[in-house]
Amino acid sequence: MLVYNSQYHKKQELETVEPGKIRMYVCGPTVYDQIHIGNARTFLSFDVIRRYLMFKGYEVTFAQNLTDVDDKIINRANEQGRTAAEVAQEFSDAFIEQMRRFGILDPDIRPRATQEIAAMQEMILSLIDQGNAYVVDSGDVYFSVRSCHSYGVVSGRDVDQLQVGARIEENEDKRDPLDFALWKAAKPGEPSWDSPWGPGRPGWHTECCAMIHRYLGTPIDIHGGGADLQFPHHENESAQASCAWHAPLAKYWMHTGMLQVDGEKMSKSLGNFYTLKEVLDKYPADAVRLLMLQTHYRSPLDFSFQRLEGVLGTLQRLQGTVRNLRWAADKSSANAHDINDRDRALGDVADATRTEFGVQMDDDFNTAGALAAIFSLMTAANTYLDEAGADVSTSVCLRVADTISELAGVLGVDVAAKAGEELPAELVGLAAEHAGYAGDVPSEAAEALLAARQQARASKDWATADAIRDAIGALGLAIEDTAAGARLKKKD
């Protein structure tokens, strides 16, 4: 199984620290607002990586932090006349809610920065004692970048070539402009904690490193995040760990590509900035996952609502295929005939799909290739249903439906719809609204119901067509076929 290690810029064979076990950490959000879809792409990528490792039989321990004390949180609190704790709690809850809506598994460990102050202070003290950090008169504590001989190993940066820039704050108290804050002295009105250096709060780069060491030990197997975190955040984490505990922080550093919207960088000024909540309020989570997973996690992702509409149709076809397979298996007399060449051929495609799915995912979690394998099986299944008609094999239909459902499920996409599912709620409500009328149901309601049934029949989604018919019947209505077409009537 190959994993791309950002530190070495190449794929490497996955060799875990402990046989059969994987310890994973992914940097979580700074909780001052709803997360955007670029954040969501990173969290989705590592959710799928985690799911696949579990599918492969690894015992995975997954940790992800919440940064609940930070300049952005303090600024938002000041803008809104609230406390930083109130802002952090609101958006911590919002983040967890949206992750669950998006089908992201909860982490095994979710430490919060404000609850890990003691662990951070312990690490800082160790760095000071070893000469890798220093305290200035203000009470700030800085990490001495040049004291770390391995600085640059994660990002490939040369210390001597680094210049003071947008991501490197220049400060008169620093001995070197490259040094970064481990502890920030308290300012009036800001949250703070007591420390050996006076009241203050941790620097952003400090928390993940201390949390990883406390909860997972070092080195861990996989440390992940967005490509924008590789430098300076992950570089700074690595430097602290190598100096504090004289061991690497992680064996494999993994980073996701950036997200664009319609080919442009996502930004509020361009009007193309979308939160995950905004997207999930309009589209099913499974469709959004499918869209993002059709691009390899390391590649830039071009998000557009036009693409999302197309993927929504793909999701519906997948779900329809699974429904139709189960419906056909249910309607067919069990093993009505001996397995024939057509049945055997579809079974072979299902086996080949499982193999290809594994090959693609074992090659640095290539979800695009894995989905292509699932889509090929979907096409083969639909061809089989068209050609076989009522003469299908129950066992083969169920086997293929289970294969599609299981493999899509490894990616966190739910296509395991069953035959006879309820009519969509809006259509049930529409019918119910008019079910009490005497005589014909008003034309507007009838047209909506009949159009849905006709669309299902046209796409050979017999399970949905039957579900609509059954739901209509349960509401005291009947479909009457006339020379002019079908219509709805109250049952006699």
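This passage walks through the predicted model of one protein chain, from its overall make-up to its cores, helix contacts and unusual backbone sites.

The model is predicted, so local features are given only at a pLDDT of at least 70 and side-chain atom pairs only at pLDDT 80 or more, whereas totals for chains, interfaces and linings use all residues. Residues are numbered from 1 along each chain as its sequence is written, and side-chain values rest on heavy atoms, with hydrogens and water left out.

The protein chain holds 15 helices and 15 strands; helices (H or I, at least four residues) and strands (E, at least two) are DSSP runs, numbered from the N terminus. Of its 492 residues, 53% count as buried, where buried means under 20% relative accessible area, exposed over 50%, and partly exposed in between (1.4 Å probe, protein chains only). Among contacts in the chain (heavy atoms within 4.5 Å) with a separation of 6 or more, 75% come from residues 24 or more positions apart. The average pLDDT, which is the predictor's confidence in each residue from 0 to 100, is 89 for the protein chain, and 87% of the residues score at least 70. Residues 418-423 have a pLDDT below 50, with 14 contacts in the model beyond near neighbours in sequence. Residues 434-439 also have a pLDDT below 50, and this stretch has nine such contacts. Where pLDDT is low, the predicted coordinates should not be read in detail.

Turning to the interior, the largest nonpolar core has 90 residues. A nonpolar core is a set of buried Ala, Val, Leu, Ile, Met, Phe, Trp, Tyr and Cys residues joined through side-chain atoms within 4.5 Å. Leu-53, Phe-102 and Phe-365 touch the most other members of this core, and helix α11 (residues 367-388) gives the most to it, with 10 residues. Another core, of 42 residues, lies apart from it and includes Tyr-151, Leu-182, Cys-209 and Ala-250. Phe-365, leaving aside neighbours within four places in sequence, is in contact with residues including Met-1, Val-3, Ile-49, Tyr-52, Leu-53 and Met-254, as well as His-296, Tyr-297 and Gln-360.

Within helix α11 sits Leu-377, which is buried with a relative accessible area of 1%. Beyond four places in sequence, Leu-377 touches Leu-346, Val-349, Ala-350, Thr-353, Val-400, Thr-403 and Ile-404. One of these partners, Val-400, is 23 residues from Leu-377 along the chain, and their C-alpha atoms are separated by 8.1 Å.

Two packed helices are described by the angle between their axes and the distance between the axes. Here axes are lines fitted to C-alpha atoms, for helices over the stretch in contact, and angles run from 0 to 180 degrees between N-to-C directions. Helices α2 (residues 71-80) and α3 (residues 84-101) cross at roughly 110°, and their axes come within 8 Å. This crossing makes α2 roughly perpendicular to α3; angles under 35 degrees count as roughly parallel, over 145 as roughly antiparallel, 65 to 115 as roughly perpendicular and the rest as oblique. Ile-73, Ile-74, Arg-76, Ala-77 and Gln-80 of α2 meet Ala-84, Val-87 and Ala-88 of α3.

Helix α4 (residues 117-129) packs against helix α5 (residues 204-215) at about 100°, with the axes 9 Å apart. The pair α4 and α5 is therefore roughly perpendicular as well. From α4 come Ala-119, Met-120, Met-123 and Ile-124, and from α5 Thr-206, Glu-207, Cys-209, Ala-210 and Arg-214. Also in α4 is Gln-121, buried with a relative accessible area of 13%. Gln-121 touches Trp-183, Asp-194, Ser-195, Pro-196 and Trp-197, not counting residues up to four places away in sequence.

Some backbone sites also deserve a look. The Thr-218 to Pro-219 peptide bond is cis, with omega near 0°, and Pro-219 falls in the loop between α5 and β9 (220-226). Phe-231 and Pro-232 are likewise joined by a cis peptide bond, with omega about 5°; Pro-232 lies in helix α6 (residues 230-244). Asp-262, a residue other than glycine, has a positive phi near 50°. Its place is the loop between β11 (259-261) and β12 (264-265), and Asp-262 is exposed, at 55% relative accessible area. Asp-364, also not a glycine, has a positive phi of about 60°. The loop between α10 (341-362) and α11 holds Asp-364, which is buried with a relative accessible area of 0%.
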